[in-house]
Amino acid sequence: MTAELLEFLEELSRALIASGNSVTDTERILRSVAGSQGVEVEVSVLPTMIIIKAEGEVSRMGLAAQSPGMMPLHQVTEIYRLTDDLTSGRRGLGEALGELRSILRGSHRFGRYGILLGYLILSLGIALLIQPDPDLVIYSSFLSLIAGSLIVLGYGKRRLSLIMPVLASFTVSGVAFFLINTGAVSGNLTLLVPPLIYFIPGVTLTTGIYELASGELVSGSSRVIYGCMVLLLLLFGVLMGMQLNRFPQEEFAAIKISAISYSPYLGAFIFAVGIYLFLSVYRSDFPWILLVLYSALMGQQLGNAAGGGLLGAFLGALSMTLVARGIELAGKTPHFVTLYPAFWFLAPGSIGFIGLANLLGRNYLTSIAEITLFAMTVVAIALGLLVGALLTEPFSDKIRAPSGD
């Protein structure tokens with residue numbers, strides 16, 4: 001019994017890490033599953049290793065790593081359902097292990113064309129959020145089609161996906177700077193953000209800070225370092241695209257983020273539709289994802305109006321965490337599935353990306369200010385997540401994943 005349980009826990013931890021779950025949540029889920037089987041376990045989840053020790057000095061060690069890209073969210077929903085069935089006694093341990101392996105062998109619900117169309121739509125939503133100008137939205141959508149094609153090309157190919165941030169940023173920026181040089185579009189760095197939103201590591205950096213605040217020093221530090229490295233890879237690709245077109249570095253000095261207007265509400269809905277296709281979401285999960293997106297948007301705007309951007313980031317993260325946990329508590333969609341798209345929508349990584357690009361343009365004061373704002377925004381979002389998790393922790397034992405689609 002114990003050996004079978006440890007085998008299941010090892011497979012489950014690999015799946016949760018591959019999906020992008022924080023080690024804090026992964027360890028909590030593993031202990032909950034073991035406790036439902038009457039076994040106490042000690043769990044240590046590291047960025048590339050899992051150590052599980054059960055009663056009687058029986059232990060298991062395995063290797064794990066987060067997959068490049070993102071696991072389809074319908075698989076994450078099914079994994080949470082499975083763990084709920086196991087902890088509630090509706091499914092046996094042996095059956096659960098076979099079901100888990102079957103889930104992980106599954107494929108994207110909408111295929112490669114769904115991925116491409118979904119990415120084009122979600123990028124359009126991001127463009128409406130940060131740059132409502134019609135011309136910029138049109139050109140940004142064209143660039144998103146290029147980036148989405150590269151994502152589809154690298155889908156399921158681990159080695160190619162590892163170099164995809166550089167390849168995508170080089171290709172997209174090369175085309176963008178060519179359009180700027182020909183006068184087809186005005187020079188605005190926000191043109192690059194929607195097409196590259198998949199590669200900008202805002203989620204990774206925020207999760208890393210969240211783990212550091214939770215005491216997970218090894219995993220948190222690894223995520224932060226990895227996120228910073230991805231930002232540098234993106235910047236390297238942009239620099240190559242700029243040099244290919246002989247685009248003068250000084251042009252970066254005039255680049256600013258467009259003011260947000262009425263468009264965020266429309267952008268949130270369009271973004272959610274894109275996420276539905278791109279990340280392979282169940283239809284039953286879509287309304288809850290949309291609800292969490294709007295709760296994040298409303299919390300952010302309330303904070304912006306009351307105290308500025310940092311308070312907006314904190315309240316946006318806090319509100320989306322409370323709503324996502326409440327949805328899970330009500331037996332609907334797992335909180336990870338609803339929170340992940342909302343992370344993208346807050347998009348803290350885009351601020352750091354623009355700050356680094358301004359550094360290339362020798363606009364040092366603006367760059368330092370934007371990078372500092374980026375770091376504080378990530379901390380504010382992580383703090384909002386942490387406070388939300390602490391407020392809902394007393395109800396964690398009552399949380400149940402959804403029972404059907």
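In this predicted model, the side chains of Glu11 and Arg101 form a salt bridge, with an N to O distance of 3.7 Å. Glu11 belongs to helix 1 and Arg101 to helix 4, so the pair links parts that lie 90 residues apart in sequence. The whole structure holds 12 salt bridges by the same search.

Helix 4 also packs against helix 3, at an angle of about 180 degrees and with 10 Å between the axes. Angles over 145 degrees count as roughly antiparallel, and helix 3 and helix 4 are therefore roughly antiparallel to each other. On the helix 3 side, the contact is made by Gln75, Glu78, Ile79, Leu82 and Leu86. Helix 4 contributes Leu93, Ala96, Glu99, Leu100, Ile103 and Leu104. Sorted by class, this contact has eight nonpolar, one polar and two charged residues.

Elsewhere, Leu310, Leu373, Met376 and Val379 make a nonpolar surface patch of about 310 Å². Helix 16 gives the most to the patch, with three residues, while Leu310 lies in helix 13.

The helices named above have these limits:

| Helix | Residues |
|---|---|
| Helix 1 | residues 2-19 |
| Helix 3 | residues 73-87 |
| Helix 4 | residues 93-104 |
| Helix 13 | residues 309-329 |
| Helix 16 | residues 364-392 |

Conventions: Residues numbered from 1 in each chain as written. Predicted model: local features only at pLDDT ≥ 70, side-chain atom pairs only at ≥ 80, totals over all residues. Heavy atoms only, no water. Axes fitted to C-alpha atoms, helices over the stretch in contact; angles between N-to-C directions. Helix = DSSP H or I, 4+ residues; strand = E, 2+ residues; numbered from the N terminus. Parallel < 35°, antiparallel > 145°, perpendicular 65-115°, else oblique. Contact = heavy atoms within 4.5 Å. Nonpolar A, V, L, I, M, F, W, Y, C, P; charged D, E, K, R; others polar. Patch = residues over 30% accessible without salt bridge, like charges linked within 9 Å, V, L, I, M, F, W, Y side chains within 5 Å. Areas by Shrake-Rupley, 256 points an atom, 1.4 Å probe, with all protein chains shown as cover. Salt bridge = Lys/Arg side-chain N within 4 Å of Asp/Glu carboxyl O.
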